[in-house]
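Here are my notes for your first look through this model. Keep the structure open beside you and find each residue as it comes up.

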Amino acid sequence: MIQRLLALLTVLAATLTLSGCGYNDFQRLDEQSKAAWSEVLNQYQRRADLVPNIVATVKGEANFEQETLTKVVEARAKATAIQVTPETLNNPEAFSKFQQAQGELSSALSRLMVVSERYPTLQANQGFRDLRVTLEGTENRITVARNRYIQTVQEYNVLARSFPTNLTAMAFSYAPKPSFTVANEAQIAVPPTVDFSSSKAKP
């Protein structure tokens, strides 16, 4: 009877200790970050799925810049070739490569949309207009998903670096998670420079 009581007291003490040192918070934020990351991936995949249709539509426009199309196709291939696993969240190098590839696709698509403004018949194409609206909506969803992930990771990392919860992080190997960088955000936000002097658009 005494041994059972001691065992219960030990379990209770351990529970209170783990709760007080942030163990449960680590579990909660870890699951939230994984869910937020999954949503980011879903939106990136949604965008990747749009690219072939956009390229096919633009190819129908006479004299459209082939270099711009090629860069979009290559950027999509590079972005989708990266194997993303749950471990990516805990691997800053792999995460950086992934976000760089997605950033390159964002830049390539942005340039394609800017260049397309020089082709009135393409702008009048209902199919292209629909794809453009869908792409814009997807880019907005990507931004929302990324922001949610950034916020969740920030909370997790603050917990991992603050005392005394940092002791729990060290004890259970809860390393800070990588996040999207400010530099990357700024790079994606800058519109591409287009040289209109070499335009091949029809008058």
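1. Start in the middle of things, but remember that this is a predicted model. Ile-54 touches Leu-112, Met-113, Leu-131 and Leu-135, leaving aside residues up to four places away in sequence. Click on Ile-54 and look for those four partners.

2. Now widen the view to the largest nonpolar core, which has 22 residues. Ile-54, Val-58, Phe-64, Val-72 and Leu-112 are the ones that touch the most other members. Which helices each supply at least two residues of this core? They are H2 (23-59), H3 (66-81), H4 (92-116) and H6 (126-161). H4 gives the most, with 7 residues. Another core, of 12 residues, lies apart from this one, and its members include Ala-36, Val-40, Ala-145 and Val-153.

3. Next, have a look at the second largest pocket, which holds about 180 Å³ of space. Its lining includes Leu-41, Tyr-44, Gln-45 and Ala-48, along with Phe-98, Gln-102 and Leu-105. H2, H3 and H4 are the elements that give two or more residues to this lining, and H2 gives the most, with 4 residues. What sort of residues are they, nonpolar, polar or charged? The lining splits into 8 nonpolar, 3 polar and no charged residues.

4. Don't skip the aromatic rings: there are 13 aromatic pairs here. Trp-37 and Phe-180 make a tilted one, with 6.4 Å from centre to centre and 40 degrees between the planes. Trp-37 sits in helix H2 and Phe-180 in the loop between helix H7 (165-171) and helix H8 (182-189), so this pair ties together parts that are 143 residues apart in sequence. Is Trp-37 buried or exposed? Its relative accessibility is 4%, so Trp-37 counts as buried. Phe-180 counts as buried too, because its relative accessibility is 6%.

5. Phe-64 and Tyr-119 form another tilted pair, 4.9 Å centre to centre with 40 degrees between the planes. This pair also links distant parts of the chain, 55 residues apart: Phe-64 is in the loop between H2 and H3, while Tyr-119 is in the loop between H4 and helix H5 (120-123). Both Phe-64 and Tyr-119 are buried.

6. You can also follow the rings as a group. Ring pairs join Trp-37, Tyr-44, Phe-95, Phe-98, Tyr-149 and Phe-180 into a cluster. Two names should ring a bell from point 3: Tyr-44 and Phe-98 are among the residues lining the second largest pocket.

7. Glu-65 deserves a stop of its own. You'll find Glu-65 in the loop between H2 and H3. With a relative accessibility of 14%, Glu-65 falls under the 20% cut-off, so it counts as buried. Glu-65 touches Arg-111, Val-115, Arg-118 and Tyr-119, again leaving aside residues up to four places away in sequence.

8. Finally, check a few spots in the backbone. The peptide bond from Phe-163 to Pro-164 is cis, with omega near 5 degrees, and Pro-164 is in the loop between H6 and H7. Asn-63, in the loop between H2 and H3, has a positive phi of about 65 degrees although it is not a glycine. Ser-173 is also a residue other than glycine with a positive phi, near 60 degrees. Where is Ser-173 placed? Look in the loop between H7 and H8, where Ser-173 is exposed, with a relative accessible area of 63%.

Methods:
Residues are numbered from 1 along each chain as its sequence is written. This is a predicted model: local features need pLDDT of at least 70, side-chain atom pairs count only at pLDDT 80 or more; totals for chains, interfaces and linings use all residues. Side-chain values use heavy atoms; hydrogens and water are left out. A nonpolar core is a set of buried Ala, Val, Leu, Ile, Met, Phe, Trp, Tyr and Cys residues joined through side-chain atoms within 4.5 Å. Buried means under 20% relative accessible area, exposed over 50%, partly exposed in between (1.4 Å probe, protein chains only). Contact means heavy atoms within 4.5 Å. On a 1 Å grid over the protein atoms alone, a cavity is a set of points where a 1.4 Å probe fits but cannot get out, and a pocket is an open set with protein on both sides within 12 Å along at least five of seven lines; lining residues have an atom within 4 Å of a point. Grid points are joined across faces, edges and corners, and a volume is the space filled by probe spheres set on the points. Ala, Val, Leu, Ile, Met, Phe, Trp, Tyr, Cys and Pro count as nonpolar, Asp, Glu, Lys and Arg as charged, and the others, Gly among them, as polar. Rings of Phe, Tyr and Trp (its six-membered ring) pair if their centres lie within 6.5 Å; planes under 30 degrees apart count as stacked, over 60 as edge-to-face and the rest as tilted.
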